[in-house]
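The following note was prepared for a colleague who wishes to read the model alongside its sequence. The points are numbered for ease of reply.

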Amino acid sequence: MKKKMSPLAKAYITLVLAFLQLPILVLIAYSFNESKSRGVWTGFTFDWYAKMLQDSAIMSALGTTLVCGLLAALISTIIGTAAAIGLNSMKRKAYNLTLTVAYIPMLNAEIVMGISLMMLYTLLDIELGFFTLLLSHITFCLPYVVLSVMPKVRQFDYSRYEAALDLGATPSYALRKIVIPDLMPGIISGFLLALTLSIDDFIISFFTTGNGVNNLSTVIYTMAKRGVSPKLNALSAIVYVVIMILLICINVIPKKDDNRNKKRVAERN
């Protein structure tokens, strides 16, 4: 049975959530303020959202962010899923060593990773731009995908895969029809997590992008130097809502999958 939370624990969690979310909610509220001033409310308006959509720098950055995020999430999901399947078949020592190395980008400080990637591109004489930005995002998203897919790989019953091979299926066909569908909840979670991280990243993007290529985080940083415009409030509100939706999906999908598995086990019994 689940233990009920005490009133003190509930109050503590409420205070923590309020401390984290209230400043963002205030920012969202002021994105609808007719005045530029953050201290005076003069009326409700959608003008700042319209002006944000008319800002070429913001729209260009939004396009770069979405394209880079989707590509980085897709590529890191493909590589991460293959890596998780390969890691599971390794011997214990090789598995632990490879997994430790794979998790270094996730455990390392972002500023260290950003500077090291910038130095690597400079050493290899690679011009900083969209390609280096995309490559950097794939690098730091990859461990999170492996972390999301690995539990599903460990739960997978490989006797089904072997049975399919015994019945004449090719390895690629068995992988597509048996392995991938079972791993799909972890794959989707890894994709959404990678997409969220790519959209949210600033430090690594700042060091690995070149002139004329900016994502939303670098544009917001540049514009904030001249003073926080209500257009940034509107942009931040949209980014916040999108990321919240993605995070909810990340948490809901595995729970639904667990509930389905429990129902299947109950029906079999």
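1. Contacts of T64. Setting aside residues up to four places away in sequence, T64 touches F130, L133, V213 and N214. T64 itself belongs to helix α3, which covers residues 56-88. The relative accessible area of T64 is 15%; because buried means under 20% relative accessible area, T64 is classed as buried. The reader should bear in mind that this is a predicted model.

2. Surroundings of A164. A second residue worth inspecting is A164, which is placed in helix α8, residues 158-166. Is A164 buried or exposed? Its relative accessibility is 12%, and A164 therefore counts as buried. When residues up to four places away in sequence are left out, A164 touches A169, A174 and I178. A164 can also be located relative to L74: the two residues are 90 residues apart along the chain, and their C-alpha atoms are separated by 28 Å.

3. A nonpolar patch at the surface. Which residues make the nonpolar surface patch of about 730 Å²? The patch is formed by M5, Y12, I13, V16, L17, F19 and L20. One of these residues, I13, is found in helix α1, which runs over residues 7-30. I13 has a relative accessible area of 39%; since partly exposed lies between the limits of 20% and 50%, I13 is described as partly exposed.

4. Secondary structure. The protein chain contains 12 helices and zero strands. Read along the sequence, the pattern is accordingly written as α-α-α-α-α-α-α-α-α-α-α-α.

5. Overall dimensions and contacts. Taken along the principal axes, the C-alpha atoms of the protein chain fill a box of roughly 70 × 60 × 30 Å. Among contacts in the protein chain with a separation of 6 or more, 72% are accounted for by residues 24 or more positions apart.

6. Burial and accessible surface. Of the 269 residues in the protein chain, 36% are buried. The accessible surface of the chain comes to about 16600 Å², and carbon and sulfur atoms contribute 67% of that surface.

7. Charge distribution. How many positive and negative charges does the protein chain have? There are 25 positive and 15 negative charges, and the mean positions of the two sets are 9 Å apart.

Conventions:
Residues numbered from 1 in each chain as written. Predicted model: local features only at pLDDT ≥ 70, side-chain atom pairs only at ≥ 80, totals over all residues. Heavy atoms only, no water. Helix = DSSP H or I, 4+ residues; strand = E, 2+ residues; numbered from the N terminus. Buried < 20%, exposed > 50% of the residue type's maximum accessible area, 1.4 Å probe, protein only. Contact = heavy atoms within 4.5 Å. Areas by Shrake-Rupley, 256 points an atom, 1.4 Å probe, with all protein chains shown as cover. Lys, Arg positive; Asp, Glu negative; His and termini not counted. Charge placed at Lys NZ, Arg CZ, Asp CG, Glu CD. Patch = residues over 30% accessible without salt bridge, like charges linked within 9 Å, V, L, I, M, F, W, Y side chains within 5 Å. Salt bridge = Lys/Arg side-chain N within 4 Å of Asp/Glu carboxyl O.
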